[in-house]
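Open the model in your viewer and keep the sequence panel beside it. We will go from selection to selection, starting with one residue and working outwards.

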Amino acid sequence: MTTPTAKSTEEAKRMEKEREQEQEAYKATCDKYVSTGLRRNVTVQFLIDRLIKMGCTPPNGFIKCVDCGDKMAGGGFGVVEETIIEKKDEASSVAAASSSSSSSSLSDEVAKRSKTEQCHRTDADLKRQLDAADDGKVRLRLLPEIFLCQQHLRNETHAHEAMVHELIHAIDLCRTKMDPLNNCMHMACTEIRAENLSGECDWTREFAKGKISKFAGHGAECAKRRATLSVEANPKCRDKAREYVDAAFDRCYKDTFPFDRHPNLR
């Protein structure tokens, strides 16, 4: 006779296997979208070519498909790398002994986060990273990597737009000393540019979503709305996200680099 506990365990295993199979299918489709983007999408190809010419050649596996769970996003840019700052000169052996426990705890936290995909890191994780950096305990660096959320891509067009969006961030990181983790104006600017130049604010899509109240200026309003949501994801910028976007908007919305004009108008 099968006990309720055994049935529950079997059901959990069955569901986990089904989820694994589902994610394998999502990943295969996403990988195909990435491949077609790299081989056939002229905007993706143009941006990667510019990165190479700017001296920022993307490494193999620069764009990858990952399981983002319930996080509703098409993709993301950058992996936050943490390096613990070793204190070379302790005031005394007593001070060194008292700090060993907290240092060990910090090392454990950093090691755990380093094994977690960026898209699975929580808001609390980012806040702890930023707080530790502010306290001089760690040094943060944004590694230029792109991930696509394989189960949230609607179709090939969506995937390619997400690739272009994240590649604009890569361009900005390459051409400037951009620090979107700590500088909210930097983050607002690169998000405005990515929303504007990626095609994600196409009026037909916005119209289908019921987001257009007027056709004139819809692109700017869409870029502002979406950029604000992105800036709000940074705990340092959240409370004044719209203010940062408004302050950066005029200059950054007009900045079409590396295109000579908006790619939709080419």
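A term to settle before the first selection: helices (H or I, at least four residues) and strands (E, at least two) are DSSP runs, numbered from the N terminus. The model is a predicted one, in which local features need pLDDT of at least 70 and side-chain atom pairs count only at pLDDT 80 or more, while totals for chains, interfaces and linings use all residues. Residues are numbered from 1 along each chain as its sequence is written, and side-chain values use heavy atoms, with hydrogens and water left out.

**Stop 1: Glu-191**

Select Glu-191, which lies in helix 6. Is Glu-191 buried or exposed? Its relative accessible area is 10%, so Glu-191 is buried (buried means under 20% relative accessible area, exposed over 50%, partly exposed in between, with a 1.4 Å probe and protein chains only).

Now show its contacts, where contact means heavy atoms within 4.5 Å. Leaving out residues up to four places away in sequence, Glu-191 touches His-165, His-169, Ala-227, Ser-230 and Val-231. Put a distance label on the pair Glu-191 and His-165: their C-alpha atoms are 8.5 Å apart in space, with the two positions 26 residues apart in sequence numbering.

**Stop 2: helix 5 against helix 6**

Next, colour helix 5 (residues 156-175) and helix 6 (residues 184-197). Their axes lie 8 Å apart, and the two helices pack at an angle of about 140°. Helix 5 is therefore oblique to helix 6. Axes here are lines fitted to C-alpha atoms, for helices over the stretch in contact, and angles run from 0 to 180 degrees between N-to-C directions. Angles under 35 degrees count as roughly parallel, over 145 as roughly antiparallel, 65 to 115 as roughly perpendicular and the rest as oblique.

Helix 5 passes helix 6 in a right-handed crossing (right-handed if the near helix is turned clockwise from the far one by less than a right angle, left-handed if anticlockwise). On the helix 5 side, show Val-164, His-165, Ile-168, His-169, Ile-171, Asp-172 and Arg-175; on the helix 6 side, Thr-190, Glu-191, Arg-193, Ala-194, Glu-195 and Leu-197. This contact has 5 nonpolar, 3 polar and 5 charged residues. For these classes, Ala, Val, Leu, Ile, Met, Phe, Trp, Tyr, Cys and Pro count as nonpolar, Asp, Glu, Lys and Arg as charged, and the others, Gly among them, as polar.

**Stop 3: helix 6 against helix 9**

Keep helix 6 and add helix 9; their axes come within 8 Å and cross at roughly 50°. That makes helix 6 oblique to helix 9, and the crossing is right-handed. Helix 6 contributes residues including Cys-184, Met-185, Ala-188 and Ile-192, and helix 9 residues including Val-245, Ala-248, Phe-249 and Cys-252. By class, the contact divides into 12 nonpolar, 1 polar and 2 charged residues.

**Stop 4: Val-245**

Centre on Val-245 in helix 9. With a relative accessible area of 0%, Val-245 is buried. Beyond its neighbours within four places in sequence, Val-245 is in contact with Ala-188, Ile-192, Lys-224, Ala-227, Thr-228 and Val-231.

**Stop 5: helix 8 against helix 9**

Add helix 8 (residues 218-231), whose axis comes within 9 Å of that of helix 9, crossing at roughly 135°. Helix 8 is thus oblique to helix 9 and passes helix 9 in a right-handed crossing. Among the residues that meet here are Ala-220, Ala-223 and Ala-227 in helix 8 and Ala-241, Val-245 and Tyr-253 in helix 9. The contact holds 8 nonpolar, 2 polar and 4 charged residues.

**Stop 6: past helix 9**

Follow the chain to Pro-258, in the segment after helix 9. What kind of peptide bond joins Phe-257 and Pro-258? The bond is cis, with omega about 10°. Most peptide bonds are trans.

**Last stop: the whole model**

Zoom out and colour by pLDDT, the predictor's confidence in each residue, from 0 to 100. The mean for the protein is 87, and 86% of its residues reach 70 or more. Among the elements, helix 9 (residues 241-254) has the highest mean pLDDT (98) and helix 7 (residues 203-208) the lowest (62). Select residues 90-95 too, where pLDDT stays under 50. Where pLDDT is low, the predicted coordinates should not be read in detail.

The protein has 9 helices and 3 strands, and buried residues make up 40% of its 266 residues.
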